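Thank you for making time this morning. I would like to walk you through the side-chain packing of one protein, taking the aromatic residues, the core and the cysteines in turn.

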Amino acid sequence: MDLEDRKKKVKSILVTLSKPENDKNPYAELAKKLNLKIDFRSFIHVEGVPAKDFRKEKINLADFTAVIFTSRNSADHFFRICEEMRFEVPVEMKYFCLSETIALYLQKYIQYRKRKIFFGKQTAADLAEVLKKHSAEKFLYPCSDVAAEETQRFLLENGYNFTPAVLFRTVCSDLSDLADVFYDVIAFFSPSSIQSLYKNFPDFKQNNTRIAAFGATTHKAVLEAGLILDVPAPTPGAPSMTMAIEQYCKLVNK
């Protein structure tokens with residue numbers, strides 16, 4: 001199909017994420033600005049690994065002096081497993097978070113001011129300076145079964161003493177109610193959400209549906225599935241998904 005033929009007007013978009021908690025978000029602003037119908041539906045969800053399964057891993061929580069959190073999910077499931085195993089987290093435990101947002105989220109579980117909490121800007125490499133000063137720690141790395149390889153690779157390459165602990169799994173959601181629903185654009189954020197699309201709809205045909213995808217691994221999954229990637233993000237001119245979609249809509253909705 002000629003790519004120019006695909007540039008049809010966009011009126012509806014499905015974002016494969018959970019619906020934001022309020023209307024003060026970039027998607028709501030975009031919908032208003034360009035008069036678009038934007039719906040949210042998470043294609044994947046997270047399920048905690050039960051304590052009985054975690055015990056089989058023979059990981060002794062008392063052995064660790066520090067924890068590395070790459071997401072709110074990893075924090076939720078670390079404290080959940082501690083509770084299920086009746087393990088009282090020592091006051092002197094150190095917490096290393098990929099971003100300040102995750103660090104502040106820890107207030108849900110601990111007295112923030114009284115704990116040793118460190119954070120980077122967004123990636124494990126941002127934490128490099130802080131981690132260097134704490135290289136003697138024994139790190140626990142709570143992760144999902146599809147752990148971010150970037151963080152693991154960084155920790156391995158820099159010789160940190162860390163143990164990955166799979167505390168939650170990424171599972172495909174049931175999307176059967178979307179079978180007869182059509183959207184002009186579907187926005188994906190992870191390879192798992194592409195897997196979910198095909199698990200739910202093995203005969204999915206892209207036709208005139210434009211695909212937007214965020215991040216290199218998602219781009220790769222889109223192309224490997226034989227789909228056309230119409231709206232890649234981030235790009236130098238569009239660092240966020242909403243900006244990439246806005247630029248695309250302005251182009252085709254003239």
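Let me begin with F79, which has a relative accessibility of 10% and therefore counts as buried, since the cut-off for that word is under 20%. Please keep in mind throughout that what you see is a predicted model. The neighbour in sequence, F78, is buried as well, with a relative accessible area of 1%. The ring centres of F78 and F79 lie 5.0 Å apart and their planes meet at 75°, so we describe this pair as edge-to-face.

These two rings belong to a wider arrangement, because F69, F78, F79, Y95, Y105 and Y109 together form one aromatic cluster. Over the whole structure there are 16 aromatic pairs. Another of them joins Y27 and F40, whose centres are 5.5 Å apart with the planes at 90°, so that pair, too, is edge-to-face. Here the two partners come from distant parts of the chain, 13 residues apart, with Y27 in helix α1, residues 26-34, and F40 in strand β2, residues 37-40. Both Y27 and F40 are buried.

One aromatic ring has a charge for company: the charged end of K138 sits over the ring of F64, at 5.9 Å from the ring centre.

Turning to the nonpolar core, which residues have the most contacts inside the largest one? They are F69, F78, Y95 and L106, in a core that numbers 42 residues. Helix α3, spanning residues 72-84, supplies the largest share of this core, namely five residues. If we take L106 and set aside its neighbours within four places in sequence, we find L106 in contact with F69, A75, F79, Y95, C97 and I117. A separate core of 21 residues lies apart from the largest one, and I13, V15, A212 and V252 are among its members. As a general remark, nonpolar side chains in soluble globular proteins tend to be buried together.

That leaves the cysteines, and how many disulfides does the model contain? The count is zero. For C82, the nearest cysteine sulfur is that of C97, 14 Å away, whereas a disulfide would need the two sulfur atoms within 2.5 Å, and therefore C82 is in none. C82 is buried, with a relative accessible area of 2%. C172 is likewise in no disulfide, the nearest cysteine sulfur being that of C143 at 18 Å. With a relative accessibility of 23%, C172 counts as partly exposed.

How values were computed:
Residues are numbered from 1 along each chain as its sequence is written. This is a predicted model: local features need pLDDT of at least 70, side-chain atom pairs count only at pLDDT 80 or more; totals for chains, interfaces and linings use all residues. Side-chain values use heavy atoms; hydrogens and water are left out. Buried means under 20% relative accessible area, exposed over 50%, partly exposed in between (1.4 Å probe, protein chains only). A nonpolar core is a set of buried Ala, Val, Leu, Ile, Met, Phe, Trp, Tyr and Cys residues joined through side-chain atoms within 4.5 Å. Helices (H or I, at least four residues) and strands (E, at least two) are DSSP runs, numbered from the N terminus. Contact means heavy atoms within 4.5 Å. Rings of Phe, Tyr and Trp (its six-membered ring) pair if their centres lie within 6.5 Å; planes under 30 degrees apart count as stacked, over 60 as edge-to-face and the rest as tilted. A charge sits over a ring if NZ of Lys or CZ of Arg is within 6 Å of the ring centre and within 35 degrees of the ring normal.
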